[in-house]
Structure formats: C-alpha cells, structure tokens
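Student: Please take one part of this model, the surroundings of the nucleic acid, and describe it closely. I should like a single connected account, with each term made precise as it arises.

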Number of protein chains: 2
Amino acid sequence: MHSNMKSGPTIQDIAAAAGVSKSTVSLVLQESPLIKAETAEKVREAARALGYVYNRGAANLRGKRSTTIGMVINDLTNPFFVELLVAIERVLAQAGYTTLMAHTAESLETQTRVLRSMREQNVAGLIMSPALGTTDELPAEIQSWGIPLVLVMRPMGPDVDTIGVDNSYGFALATEHLVGQGHTRIAFAGNRKGYAVANQRRQGYLSTMAKHSLPVNDDWIIDVPLTPEGGRDAVRAIFDMKPRPTAVVCYNDQVAIGVLHELDRMGKRAGKALAVVGCDNIIAAEHTNPPLTTLFAGADKLGTIASETLLARLSETSEDEKPPVQYFAVPELVVRESSVGAKASHVNAAA
Amino acid sequence: MHSNMKSGPTIQDIAAAAGVSKSTVSLVLQESPLIKAETAEKVREAARALGYVYNRGAANLRGKRSTTIGMVINDLTNPFFVELLVAIERVLAQAGYTTLMAHTAESLETQTRVLRSMREQNVAGLIMSPALGTTDELPAEIQSWGIPLVLVMRPMGPDVDTIGVDNSYGFALATEHLVGQGHTRIAFAGNRKGYAVANQRRQGYLSTMAKHSLPVNDDWIIDVPLTPEGGRDAVRAIFDMKPRPTAVVCYNDQVAIGVLHELDRMGKRAGKALAVVGCDNIIAAEHTNPPLTTLFAGADKLGTIASETLLARLSETSEDEKPPVQYFAVPELVVRESSVGAKASHVNAAA
DNA sequence: CTGAAAGCGCTTACAG
DNA sequence: CTGAAAGCGCTTACAG
C-alpha cells in the first residue's frame, strides 16, 4: 500500500543528529522555556536538515488530548451553512485546531454514522447543526461521551450550548415591514410542522398579524419543501387563492429564490405582483432579480461565536464550568426591491 | 482541561472482561477469521457492555497507515466547489475514510499553512483544488512527502493525477451556440491573465471566433474578478462600447449572475439586450431571472472520479503503479433563456 | 537545564 | 485458534 511507504524522521532521529535526548527534542518542539536557547537552536537545525514532520496523532495519543474538532453540517446546498462552515473553520484553524468535516444532507442515518466516526477519531469537541428530525436525546448522549458540543442554528433545549437566531423576532420584523407597506393579506411559505425553527418563524409571523388584528387564512400558511422548488409551489398556490395574498414571508432565501423565479416565469415581478421577504441574507440575495429583501443574522458572526464558545469549553476546568450558553442573534431586515413595489417606495420617499 | 477527562475503556479492559488477551480483542475488532466465533461473540459482548469506542488514532499510529484524507478547497463561496466537496466527502466516507477539510479562500499563505497541518495530521492522501497563483512546483513537493495527490479543476502538468474539465472545448461550444444565434460581436468576461483555466477558456472562445472569421476587439476580452461584482463591471464596460457586443461568454456562473443582475438593474433583460452564457451549471443557474444558459460538467461526477482515483492510488502497490490519470470531462451546454432572445427562439422553433 | 523511563491504545509478527 | 512481546512517535513526571 502506498500509505505504508511513508516513515520520515522521528524525534529519535533528531535527537541522535543533535546529540541530545528525545525528551529535549520534544520540549524544543513545544517551545518550552526550559531548554537553553543554544540547545534549542541546534535541535531546530537538525530537524530542518532532516526534513522532520511533527506527528500530531502520536502527540495526541500520548498527551491524551486532541486538536481536531468535528463539524457536522446538515445542508451544504444552502449557502448560509457554507458561510457558517467557512467562518468556523477559519476561527478553529487560527486557534490551532483542525476541522473534521461531515455533511449529513439531513439524513439521520448519515448523522449517526458520522458522529460515531468522529468519536473514534477522538475529536476534542463538536459543532453541529442537527439534521431535521434529530431526537431531543442526542445532545445529552453526545455530552455523555465527554465531548463538548455546540449546537448551531437549531436549538434542542437549554442544557446544551446553542448559537442561533431569534427567529420569532426576525419573522415579526419581516411581517411588520410588509404590514408597513400596506399589505393585509400576507402568506407564510415553508411551514414545516413539528420543526422547532419553523415553529418559531411561523410564530413571529402569526403574532405580528394578530398584533395588527389581521386575520390569517389557514391556507396562507403554506407547507412546502425548504428549497427553490418549494418556493415555486408556494407561488402557484398563492395565485390560486382568491382573494389572494399580496405578500409572502419565506422560510429562507432558498425558498424566496424559487418564489422570485416562478413569478418571473409567470411574467410578473416580485415587489409589484407580490412582495417577497426571505431569511438568511445569503450572498446571492444581493444579486437576484429583483434583489431580495431578507433577514440578516450574520453567518460569519454566528460561526465565530460558535467556535469561540467551543474553544472556551475546551479550556475550562471542571471547577470553573460555566452554565450552557444560549446565544440568539437579533436579526436585521435588509430591505431590497423584492418587497417594495414602485408605488410603495414612492410612499416611503414621501414619508 | 475538558479534553483530559475522557478516557474510556481500552482493548485491555475488554480483554480483562472477556478473559482473553488484548491481541485477541484486536483481531476480533478487525473481524479476523482467525478467531473462533464463540470467542469473538464473547469479546463483542464485553465491548458492548463496557461502551467501548475504537481509537482510530492509536490504530493508525501503530499500523503505520491512516484513514483520513485531506481536502483543500480554494473557494467555497462558489457553489460549484461545494457540490464537488459534498460528492468527494460522500464517496470517501463510504470507503471508510474521514475527510479533513480546509478552505484556502484563494490565499497562498493559508494554503501553505493548511498543507503543513494536513501533513502533520498524517493524511493518507490529498485532494486539492489549488489556490490561484499556486506555483508549478507544489504538486511535486507534495508527492515528495509520500502523499498521493489528486488535483481537481485546476491542472498543473502531466505528472500528477488530475480531474478536470475540457475548458477549451466547453467554451468553444458556448461560443458556437452564440454564433448560431446570429451573434457576431461576442465578449468574454472574466479573463484572468496567466491562470491556466482562464487561458483554456479564453482559447476556446478565441478559436471559435477565428473559425467563423469573426474579428475580436481587444476590449471584448474583459478582465474582471471572477465574482458577481466582476460580472457587473463587465456589463458596464460592454455598454460603453460602440458598436457593442450583443453576447457575452462568462468565465463562470458567479460572473454570469452578476451580468444578469446588472442588466436587470439597467432595466434590460438577458437574452434580449445581451445574450449571456455561464459555466458550471450551479444549482442556482436554474432559478436565476432569466434562467442561465451554462456549461455543465457534473460536479458530482467529477468529485466521484477524483475520490475514486485517490482511493485507487491508496490501494496500489509500488509494482503495479499506474501512470498519472488525466481526466477531463467533456461539458455540455444547457440552453436556457439567458442566451436566447425572443426573436432567436422563434427562429429556433421554425428550424 | 537535560536525560532515562514509562506509557498513550493499538497492531503485528512470532510462538505455541 | 490464542497469547506474550515489541513497538508506532510522541509527552510527561521524575531525577539529577
């Protein structure tokens, strides 16, 4: 096997070349202040000359620690999670950790397999965006393994570190914006019954409608897949209703993109024929036609906070253990053309 | 430290519980046929009872092999590379390998750091889409480490396994399509001088123009960043030209999306005001307004082939070593509205 | 400031 | 079919 061919110099070889013990070499590699500068330099020189490569696996085994962190992501076809992943990988790399990545594609089976694999790889910690349908017991099980866990985007109770978004607030904000544009019949596209995040988003929408005493027809809450195809189906449903909603709040930007596209296909324009709001502010939202109004929570910031939360857990001792972090970012609404009809924007300008 | 707390049962503990030696336990875990079924069952039972977790790192250290593979990606903000990553991760996981992921964001410095880290992690192999500006010496250097390397999308010579796309053919196809629509003044957006892939793509475009005896103005070859912003700049440049090009071939879908968006902002429509072709057929290309004509090479297939190429290297002995794989997928053109004006499509229908 | 010794959790010849 | 022994490449008390 190709992989059996590799076996470069070890600290033993460096020790021999530099005329010291391997303990000394090890300490030099760890930049220990115990070693005399002169000796250290001699060792480093020998390491360089031999083309030495540190074996982190051996170090981890002996040192009973680990410098890899597992990252389990549910949906990489959604650019929001990619942004999150990139931010997390960046912060962890800066802190000297390596990221073991796994993609579950929302499959519980894959998620189970992947978690077992990460445990066998002895990850120091886990950051996870759980697949839809993950049972509430999972976080406790992972914690029972002795592996710190940070949940991102999808909360699963108060006992586990969680970094997410105040979805209820966000969707209230989005709905409020549409009401402010004069809309009274507003639909919600991408309802998924039983999923915590969908419940929060629907809740934000419903509470705002109620606040303004606006009735909500049952069929305005449209249960479609959380994809562009779902958005397409939602538009078709909306244009079959009479009287039909004049605005729609979408579960996320993926759904909203499908809505914009189906409207275009029908020869209509978002903002005029139907006001559209998305959620996530993925990079593409700025370049859709028309540009998409959407909720911004900062994937980069969320990823950074998630990483830092995990890093803090990794360096805490059992005495100073902090209570679970429950951080929910407050989203902002980025208003673009998709939610503002020509007339409405005129009204705005006058105000 | 939190990470010091973990130390579950080892094969030693299982051996004690099952009343056998740890050699036997090890063999059972490897499903060796040498061990009597009865003994094996007793061992497995003990492992289960103790909640044993296999320590892959220790096994790799002792066995002088490795079950992790490094994946170095240049640009995860481009959904094409995400598709590639997902496919690769899936195939490797099926084969029992774990994927160590790193994102360079086209930074040579990050790439260097990341490769060193992967080497220290003792990866069995590397799949890499090199950052722009990577020097030609890098593949040979990595190979000198004894780590099999498969390059994806960005070729760097014949001596290293490479999975990519026949860009020259693809861009000839795209240009041919536009000529077939009656265009004679065709621009190329996203030229990046000195980059191999850009050279190939430009070459495909130029050769097709030449084949049809169509002159190419220097300023039609527009050097812009390979992003939506680059696409925006290209449109502005095109509409400043007189006579202006009536069609544009874009370096990739990211650039094309910027072109579609800037046209929309100007109140024009791609396909009518300017025919637009992209490259990559990212999932979003189907849902742009208007839908984007683009080159399809199959990120999923390319990722699968790249993984399989690497797996083949890992299981080959030094005697049966195969010559470098140089696989270049032949792209197809997916024709959508962005390149077909109302009139032109009428012509098509008549044909 | 440096070295000798033990050991992390496994695998792999080698005996029997 | 199973066990005893050596060892992968490191780190970490412990001596001196």
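Tutor: A polar contact is here a pair of N or O atoms within 3.5 Å. The model is predicted, so that local features need pLDDT of at least 70 and side-chain atom pairs count only at pLDDT 80 or more, while totals for chains, interfaces and linings use all residues; side-chain values use heavy atoms, with hydrogens and water left out. Residues are numbered from 1 along each chain as its sequence is written, chains are lettered from A, and ligands are numbered from 1, in the order in which they are written.

DNA strand C is a convenient starting point. A side-chain N or O atom of B:Ser26 lies 2.3 Å from a phosphate oxygen of this strand. Chain A also reaches phosphate oxygens of DNA strand C: a polar side-chain atom of A:Thr39 is 2.3 Å from one, and a polar backbone atom of A:Lys36 is 2.9 Å from one. Helices (DSSP runs of H or I, at least four residues) are numbered from the N terminus, and in these terms α2 and α4 of chain A, together with α2 and α4 of chain B, are the elements that give two or more residues to the surface near DNA strand C.

A residue is near a strand if one of its heavy atoms lies within 4 Å of it. There are 26 residues around DNA strand C, and those that come nearest are A:Thr39, A:Arg62, B:Lys22, B:Ser26 and B:Tyr52. Sugar or phosphate accounts for 59% of the atoms of DNA strand C within 4 Å of the protein, and bases for the rest. For residue classes, Ala, Val, Leu, Ile, Met, Phe, Trp, Tyr, Cys and Pro count as nonpolar, Asp, Glu, Lys and Arg as charged, and the others, Gly among them, as polar. The surface near DNA strand C then has 10 nonpolar, 9 polar and 7 charged residues.

DNA strand D is likewise surrounded by 26 residues, the closest being A:Lys22, A:Ser26, B:Thr39, B:Arg62 and B:Lys64. Here α2 and α4 of chain A and α2 (22-29) and α4 of chain B each supply at least two residues of the nearby surface. That surface divides into 10 nonpolar, 9 polar and 7 charged residues. Of the atoms of DNA strand D within 4 Å of the protein, 59% belong to sugar or phosphate, with the remainder in bases.

The polar contacts of chain A with DNA strand D include both kinds of partner. A:Tyr54 places a polar side-chain atom 2.6 Å from a phosphate oxygen. On the bases, a polar side-chain atom of A:Arg62 lies 2.7 Å from an oxygen, and a backbone N or O atom of A:Ala58 lies 3.3 Å from a nitrogen.

The second largest pocket brings back some of these residues. A pocket is an open set of points on a 1 Å grid over the protein atoms alone, where a 1.4 Å probe fits and protein lies on both sides within 12 Å along at least five of seven lines; lining residues have an atom within 4 Å of a point. Its volume, the space filled by probe spheres set on points joined across faces, edges and corners, is about 1,500 Å³. The lining comprises 50 residues, and A:Tyr54, A:Asn55, A:Arg56, A:Gly57 and A:Ala58 lie nearest the centre of this pocket. Each of α2 (22-29) and α4 (56-63) of chain A, and α4 (56-63) and α6 (108-120) of chain B, supplies at least two lining residues. The most come from α4(A), with 8 residues. By class the lining has 16 nonpolar, 25 polar and 9 charged residues.

The relation between the two protein chains completes the picture. Copies are superposed by least squares on the C-alpha atoms of residues with pLDDT of at least 70 in both. A turn of 180° and a shift of 0.1 Å along the axis lay chain B on chain A with an RMSD of 0.1 Å. The two copies are thus related as by a two-fold rotation axis. B:Leu100 has the C-alpha nearest that axis in chain B, at 2.3 Å. With contact meaning heavy atoms within 4.5 Å, 100% of the interface residues of chain B are also interface residues in chain A, so the copies meet through the same surface.

One backbone detail remains in chain A. A:Glu31, in the loop between α2 and α3 (37-50), has a positive phi of about 55° although it is not a glycine. Most residues other than glycine have a negative phi.

Methods. A polar contact is a pair of N or O atoms within 3.5 Å; within protein, one must be able to donate a hydrogen and the other to accept it, and residues adjacent in sequence count only if both atoms are side-chain atoms.
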